[in-house]
Amino acid sequence: MRKNNEPILEAKDLTKIYSSGIINKEYTVAVNNASFELYPGKVTSLVGESGSGKTTIGRLILKLTEPNSGKILFKEEDITDIEGRSSKKDYYRQIQGVFQDPFSSFNPLFKINRVFDMVFREFELEAENKEELISQSLQEVNLNPERILDKYPHQLSGGQLQRLLIARALLLDVDILVADEIISMLDASTRMGVLNLLVDICRDKGLAVLFITHDLNLGYYLSDDTLILHEGNLVERGATTKVYENPRHPYTQMLFESVPDIEEKWDRSEEFIPEQITEVVEEFYQNNREEGYKEVEENHYVLMSLPDNIG
Ligand code: ADP
Ligand code: MG
């Protein structure tokens, strides 16, 4: 039995470099040496601006893309090398993702009951009480099975579809749920419902949740642990209260200074120009040449310098 204080997933030095262009190749370091852990029953938020590498990290964990280097340990086993349909299926029985655009996760031609039926076939789940289990998982996400199962995806709202994806994950009884910007498409009235649901399920079922967001306030509101991503680097990570109450990396500090009140739209660009941030961060790294990651207090780590700045 896994204890709650043992990570269910450990990412170690994950690096992802995209190359684009055929003749003149251009390389983008989307994720640079990222290390972090996910724990059962805990929400970990991954916070960063658009383009900072959040989705790439989610996709790496979900094995939708492969890292150039580094590894991912799931239940202490390296999953970066697993190949083939059956081992991947085995992995997806334990980890699922919910994405920004829930419509894209559904076949528009299939009614919801067919979608759920297929879960059983796809993952070779054995159950005599299939319908009961489906019903139960829908109720757990506050959806009425009778009203939902006979519908096509386009007859449902974004919030309902996202809840269906969560229900699907519950049916599979997954260990990890990756939620990538899941509320951007929801209106304010359904937003809190979906989020609170996510937290409740995480606590009740001991699920590890990676909550990807560009919204600092949401991160604070929801998560136990926080990962702050800046241009592919995890610049600060640790217990949410510590990171938010005592930010130590200049990027995090600038980020927090520019956050307006809850519910107000956050637009960092109004406050700081990117060049200014880069300059301040560079200077910080230069001044801390040989330190790398430093535990500034218990369960609170700060990137003091980049590996290639050292020396
Ligand atoms: P975020 O989710 O934080 O907005 P992403 O992980 O989507 O960030 O992207 C990180 C960086 O990687 C960006 O510069 C983006 O343009 C680049 N990128 C993402 N996906 C690809 C891809 N498939 N090919 C090339 N570059 C990509
Ligand atoms: Mg993204």
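**Close-up 1. Helices H10 and H11 pack against each other in this predicted model.** Here we look at H10 (residues 250-257) and H11 (residues 274-287), whose axes come within 9 Å and cross at roughly 145 degrees. On the H10 side, the contact is made by Pro 250, Tyr 251 and Met 254. H11 answers with Ile 277, Val 280, Val 281 and Phe 284. It's a greasy meeting: the contact of H10 with H11 counts 7 nonpolar residues, with no polar and no charged ones.

**Close-up 2. Strand E12 is covered on both faces.** Side chains in a regular strand alternate between the two faces of the sheet. In E12 (residues 300-303), His 300 and Val 302 sit on one side, while Tyr 301 and Leu 303 sit on the other. These four residues are all buried. As for the neighbours, E11 and E12 run antiparallel and are joined by 4 bridges, with Glu 295 as the bridge partner of Tyr 301. E12 also pairs with strand E10 (residues 233-239), again in the antiparallel sense, over 3 bridges. There, Glu 236 stands opposite Val 302. Take a look at the turn as well: the hairpin of E11 and E12 has 2 residues between the strands, and Asn 299 takes a positive phi near 55 degrees.

**Close-up 3. Eight strands line up in an open, mixed sheet.** Reading across, the 8 strands come in the order E6-E7-E8-E3-E9-E10-E12-E11. Strand E6 (95-98) and strand E11 (293-297) hold the edges; each has a single partner strand, so one side of each is left without a neighbour in the sheet. From one strand to the next, the twist averages 20 degrees. At the E6 edge, E6 and strand E7 (residues 176-180) pair in the parallel sense over 4 bridges, and Gly 97 stands opposite Val 178 in E7.

**Close-up 4. Asp 187 sits in the loop after E7.** This loop runs between E7 and helix H7 (188-205). Asp 187 is exposed, with 10 other C-beta atoms within 10 Å. Compare its position with that of Lys 63: the two are 124 residues apart along the chain, and their C-alpha atoms are separated by 30 Å.

**Close-up 5. The largest nonpolar core gathers 70 residues.** Ile 176, Leu 177, Ala 179, Val 209 and Leu 210 touch the most other members. Helix H6 (residues 158-172) supplies the largest share of this core, with 8 residues. Zooming in on Val 209, and leaving aside residues up to four places away in sequence, we find contacts with Val 43, Thr 44, Leu 177, Ala 179, Leu 198 and Cys 202.

**Close-up 6. Ligand 1 has a mostly polar shell.** Its surroundings include Tyr 18, Ser 20, Thr 28 and Ala 30, along with Gly 48, Ser 50, Gly 51, Ser 52, Gly 53, Lys 54, Thr 55 and Thr 56. Strand E1 (9-20), strand E2 (26-38) and helix H1 (54-61) each give two or more residues, and H1 gives the most, with 3. By type, the shell divides into 9 polar, 2 nonpolar and 1 charged.

**Close-up 7. E1 and E2 belong to an open, antiparallel sheet of 4 strands.** The order is E2-E1-E4-E5. E2 and strand E5 (77-78) stand at the edges with a single partner strand each, so each has one side left without a neighbour in the sheet. E1 and E2 pair over 9 antiparallel bridges. Ser 20 stands opposite Glu 26 in E2, and Ser 20 is also one of the residues around ligand 1.

Definitions and conventions: Residues are numbered from 1 along each chain as its sequence is written. Chains are lettered from A and ligands numbered from 1 in the order in which they are written. This is a predicted model: local features need pLDDT of at least 70, side-chain atom pairs count only at pLDDT 80 or more; totals for chains, interfaces and linings use all residues. A nonpolar core is a set of buried Ala, Val, Leu, Ile, Met, Phe, Trp, Tyr and Cys residues joined through C-beta atoms within 7 Å. A residue is buried if 20 or more other C-beta atoms lie within 10 Å of its own, exposed if 12 or fewer, and partly exposed in between; C-beta atoms are placed from the backbone. Two residues are in contact if their C-beta atoms, placed from the backbone, lie within 7 Å. A residue is near a molecule or strand if its C-beta atom, placed from the backbone, lies within 6 Å of it. Ala, Val, Leu, Ile, Met, Phe, Trp, Tyr, Cys and Pro count as nonpolar, Asp, Glu, Lys and Arg as charged, and the others, Gly among them, as polar. Two strands pair if DSSP finds at least two bridges between them. Axes are lines fitted to C-alpha atoms, for helices over the stretch in contact, and angles run from 0 to 180 degrees between N-to-C directions.
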